[in-house]
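Here's a quick walk through a ligand site, written for someone who likes to see the contacts spelled out. Have a look at the structure first, then we'll go through the pocket piece by piece.

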Amino acid sequence: MTDLVLANLIGGELVAPIQSRYLDVYEPAAGRVYARCPDSDAADVAAAVSAAQAAAAAWAATPAAERARLMNRLADRIEARLDDYVHAESRDSGKPAALARAVDIPRAVANLRFFAAAITQWSSEAHAMEDRAINYTLRQPLGVVGCISPWNLPLYLFTWKIAPALATGNAVVAKPSEVTPVTAWMLAEDSVAAGFPPGVLNIVQGGAAAGQAIVDAPGVKAISFTGSTRVGAGIAARAAATFKKTSLELGGKNASVVFADFDASDDNLDTLVRSAFSNQGQICLCGSRILVERAIYDEFRDRFVARANALVVGDPLDEKTNLGAVVSKAHHDKIMGCIALAREEGGNVLAGGDAVAVPGRCADGWFVAPTVIDGLGPACRTNQEEIFGPVVTLQPFDGDDEAIALANATGYGLAASVWTRDLIRAHTVAARLEAGIVWVNCWMLRDLRTPFGGVKNSGVGREGGVEALRFFTDAKNVCVQL
Ligand code: NAD
């Protein structure tokens, strides 16, 4: 039975899609449809863009402090319904409720509060010239911008885009993933209650057709996209036709580089396990290729495998669960196909390797055991292609140069972690890694002021802090001769 029917937010109203078409939304832990989300098309997007255009000038002229006040009110409303948001995020995506409570929903709140504060503190540059002239830079909102986000961190990444876009005075047309649409719909309701003027934030639900219509809309001046490399490449090509600015945060195949001198404490092992399997490995930042210096390889492997085997795969709503369900049947089947491929390629499956049956209400859900594989070289597909599931490989290396060569031996370049007690090695290796983000002796420690993004096939552009404020504004230089 379907109990929940979602709506679009257009011009301040929650409305049904114009063609009355809907997509099924599955609860991955139960393997059944539990909601329907609008399958919006170009007509819905056109309505959202015109609502945004009608609101854009007044929003741009609204004082930053007032924009910030409304964003903080929205954050207040999320906090007031924290349990509802946590439950919805867990049910929609299959992630453990404990993770949504610790990370996803607090981070969505933090995104709104961070950019609300940032915009009241932001200043632009001035350049005085010796011949009695001064230049100053105006940072002006773009008008209407599009934000498109994926399913793995639904509200977390949705707000990560919307917050800087709104803070800088843009009107927004945003689309969450059709796979995990529920918390964006809740946010739509809460944005109305928070008092945003109609049309400032529009949320169009749907799949590729809706996303493509946002990318193609002439009235949309920039696209902030997070998702797969394949879809990102298509967006880059289409957006070029209308000279839209793009920020593309794409896939990864991140290396965790563990040197023999690293502090092999239980805490660090736990962090490395978390970096492999958090959110069932469905975080773009997860370390899916673990490179270990040969001198400690056997010992590290045994400790890592023991920890992976000890993780509890189960009902995401159970607080004891470490790994919930993967997001969909299609994704489950893709991950199982990747494990079969790793076996064909000659990999040794040291832990996991199978689907997991979770009894009771989750009997039809999509669960995969945390899987550790070794015995594979860097060039095989298992070590080249993004799996985006609870599957990691271990590879031994000898010395810094081989570590760096292995870490850089993929088409991706999003993130890496380096584990060593040697300060000089930490800095030199970090500098040589082809990645947009490097963590040393930690993982996913995030300061929202820092630049966030990837190189190579992991994307173009940076989010976070002033990078995001710059992305969502145009710089205009004004030169005044005195
Ligand atoms: P996806 O590319 O399939 O979809 C992402 C979003 O794009 C969804 O909202 C989808 O509906 C929309 N979309 C699909 N086709 C489109 C089109 N032709 N035009 C416009 N929009 C379209 O990605 P996904 O499966 O939802 O997410 C998983 C991927 O996201 C992984 O590759 C992961 O690495 C990546 N990711 C990257 C980051 C990062 O910060 N770099 C963060 C999270 C996830």
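## Who's around the ligand

The ligand in this predicted model has 29 residues around it, and the closest ones are K175, E178, S228, L250 and E386. Sort that shell by class and you get 14 nonpolar, 11 polar and 4 charged residues.

As for where the ligand sits, that's the largest pocket.

## Polar contacts

Two of the closest residues, K175 and E178, also turn up when you look at side-chain N and O atoms. For K175, a side-chain N or O atom lies 2.7 Å from an oxygen atom of the ligand. E178 likewise has a side-chain N or O atom 2.7 Å from a ligand oxygen.

Then there's Q212, where the partner on the ligand is a nitrogen atom, 3.1 Å from an N or O atom of the side chain. How much of the ligand does the protein bury? On its own the ligand would expose 860 Å², and 89% of that gets buried by the protein.

## Which elements build the shell

Helix 7 (208-216), strand 11 (222-226) and helix 8 (229-241) each put at least two residues into the shell. Helix 7 gives the largest share, with 3 residues.

## The annotated domain

UniProt, in an unreviewed entry, lists residues 20-478 as "domain: Aldehyde dehydrogenase". Over that stretch, 20-478, the chain is 42% helix and 21% strand, and its end C-alpha atoms are 49 Å apart.

Conventions: Residues numbered from 1 in each chain as written. Predicted model: local features only at pLDDT ≥ 70, side-chain atom pairs only at ≥ 80, totals over all residues. Heavy atoms only, no water. Near = heavy atom within 4 Å. Polar contact = N/O pair within 3.5 Å; in protein donor to acceptor, adjacent residues only side chain to side chain. Areas by Shrake-Rupley, 256 points an atom, 1.4 Å probe, with all protein chains shown as cover. 1 Å grid on protein atoms, 1.4 Å probe; cavity = no way out; pocket = protein on both sides within 12 Å on 5 of 7 lines; lining within 4 Å. Sits in = over half its atoms within 2 Å of the grid points. Helix = DSSP H or I, 4+ residues; strand = E, 2+ residues; numbered from the N terminus. Nonpolar A, V, L, I, M, F, W, Y, C, P; charged D, E, K, R; others polar. UniProt positions renumbered as here; feature names shortened; annotations may be inferred.
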